[in-house]
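Here is a short briefing for a first look at this structure. Keep the 3D view open and follow the topics in turn.

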Amino acid sequence: MKRTRTLCAALALTAAAALTACSMPGGSGSAPDSSAPDSSAADSSAPDSSAAEAPAESDPGETISSEDGYGEGRLGDTMQTYFFDYTVNSAYTCAEFAGTTPAEGSMFLVADVTVRNTDTRSIEMYDTDFQAQWGSDGEEDFRVPITYDTENQMDLPTLTDEQLPSTYTLAVDEERTGLLVYEVPAGFQDFSISYQEIFSDDSYGDTFFVFFTAEPQEGTDSGAPAAV
């Protein structure tokens, strides 16, 4: 089953419609055909920088399947997509991750994610399957994990062993848990992580969103719209 990377700017607009109703910078609130899609995730636990606090952690949640092409969940919910299940277990923001700082005016969003292959064969996963959105309505207001260079379209190395790699393979029924790290604008705390089913014939399937509030890691001011 051949898989390719695809970035979906349209997901940012869908997420913004839900997020902007309850979130402002610095504030709070809160079956397609079976060819082959985009997917992503990987191995690990939590980085050194998460030891102090991992806010927005949730209890085991519900199992969410799509309805009329759309599935929406919260932290701890298991999202059942065509090829795999994924769960956003917890999330926080920080001004530094593994000794690395983001660009001026940005911060890191760190999400702990579990992915399990529910297909009948091994699947190749991509970190770019999971896009992060926040409460703004720009078509380009989304990010993919820092383990992929969108400008040069190339994989980048992880900063810690806890991160999910840019590309990896999941065997049948294999489950992996790890961190997805995004560089996002400072000042937001309401986010979503989305997945869009995309098949090898370039057709689109269902769309899934997990919405959550990510608190700043203890001892940081990443929730403020100031430069990091």
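A residue counts as buried when its relative accessible area is under 20%. Ala95 comes in at 17%, so Ala95 is buried. The model shown here is predicted. The points below cover aromatic pairs, a pocket, loops and some individual residues.

**Aromatic pairs**

- How many aromatic pairs does a search of the whole structure find? The search gives 13.
- One of them joins Tyr70 and Phe209, with ring centres 6.0 Å apart. Their planes stand at 40 degrees, so this pair is tilted.
- Tyr70 belongs to strand β2 and Phe209 to strand β14, which covers residues 204-213. The two parts are 139 residues apart in sequence, and the pair ties them together.
- Tyr70 is partly exposed, at 30% relative accessible area. Phe209, in contrast, is buried at 0%.
- Phe84 and Tyr195 make another tilted pair. Their centres are 4.7 Å apart, and the angle between the planes is 55 degrees.
- This pair also links distant parts of the chain. Phe84 sits in strand β4 and Tyr195 in strand β13 (residues 190-198), 111 residues apart.
- Is Phe84 buried or exposed? Phe84 is buried, with a relative accessible area of 0%. Tyr195 is buried as well, at 0%.
- Phe84 and Tyr195 also belong to one aromatic cluster, together with Tyr86 and Phe130.

**A charge over a ring**

- Which residue lies over the face of Tyr168? It is Arg176, at 4.7 Å from the ring centre.

**The largest pocket**

- The largest pocket has a volume of about 210 Å³.
- Its lining is made up of 10 residues. Closest to the centre are Phe142, Arg143, Val144, Tyr148 and Thr150.
- By type, the lining of this pocket divides into 6 nonpolar, 3 charged and 1 polar.

**Loops and positive phi values**

- Asp68 lies in the loop that runs between β1 (63-65) and β2 (70-74).
- Phi of Asp68 is near 55 degrees, which is positive although the residue is not glycine.
- Asp68 is exposed: its relative accessible area is 79%.
- Asp173 has a positive phi too, near 70 degrees, and is likewise a residue other than glycine. Its place is the loop between β11 (167-170) and β12 (175-185).
- Ala95 is found in the loop between β4 and β5 (106-117).
- How far apart are the C-alpha atoms of Ala95 and Ala186? They are separated by 9.0 Å, with their positions 91 residues apart along the chain.

**Asp85 in strand β4**

- Asp85 is placed in strand β4, residues 84-94.
- Asp85 has 10% relative accessibility, so this charged residue counts as buried.
- Beyond its neighbours within four places in sequence, Asp85 touches Thr78, Met79 and Gln80. Its other contacts of this kind are Thr114, Val115, Arg116 and Thr118.

**Phe108 in strand β5**

- Phe108 lies in strand β5.
- Phe108 is buried, at 2% relative accessibility.
- Leaving aside neighbours within four places in sequence, the contacts of Phe108 include Tyr92, Thr93, Cys94, Glu96 and Phe97. Also among them are Thr100, Thr101 and Pro102. Further along the chain, Phe108 is in contact with Ile146, Val181, Tyr182 and Glu183.
- Phe108 and Ile146 are 38 residues apart in sequence. From C-alpha to C-alpha, they are 9.3 Å apart in space.

**Asp155 in strand β10**

- Where is Asp155 found? Asp155 is in strand β10, residues 154-155.
- Asp155 is partly exposed, with a relative accessible area of 40%.
- Asp155 and Tyr126 are 29 residues apart in sequence. Their C-alpha atoms are 9.6 Å apart in space.

Note on methods
Residues are numbered from 1 along each chain as its sequence is written. This is a predicted model: local features need pLDDT of at least 70, side-chain atom pairs count only at pLDDT 80 or more; totals for chains, interfaces and linings use all residues. Side-chain values use heavy atoms; hydrogens and water are left out. Helices (H or I, at least four residues) and strands (E, at least two) are DSSP runs, numbered from the N terminus. Buried means under 20% relative accessible area, exposed over 50%, partly exposed in between (1.4 Å probe, protein chains only). On a 1 Å grid over the protein atoms alone, a cavity is a set of points where a 1.4 Å probe fits but cannot get out, and a pocket is an open set with protein on both sides within 12 Å along at least five of seven lines; lining residues have an atom within 4 Å of a point. Grid points are joined across faces, edges and corners, and a volume is the space filled by probe spheres set on the points. Contact means heavy atoms within 4.5 Å. Rings of Phe, Tyr and Trp (its six-membered ring) pair if their centres lie within 6.5 Å; planes under 30 degrees apart count as stacked, over 60 as edge-to-face and the rest as tilted. A charge sits over a ring if NZ of Lys or CZ of Arg is within 6 Å of the ring centre and within 35 degrees of the ring normal.
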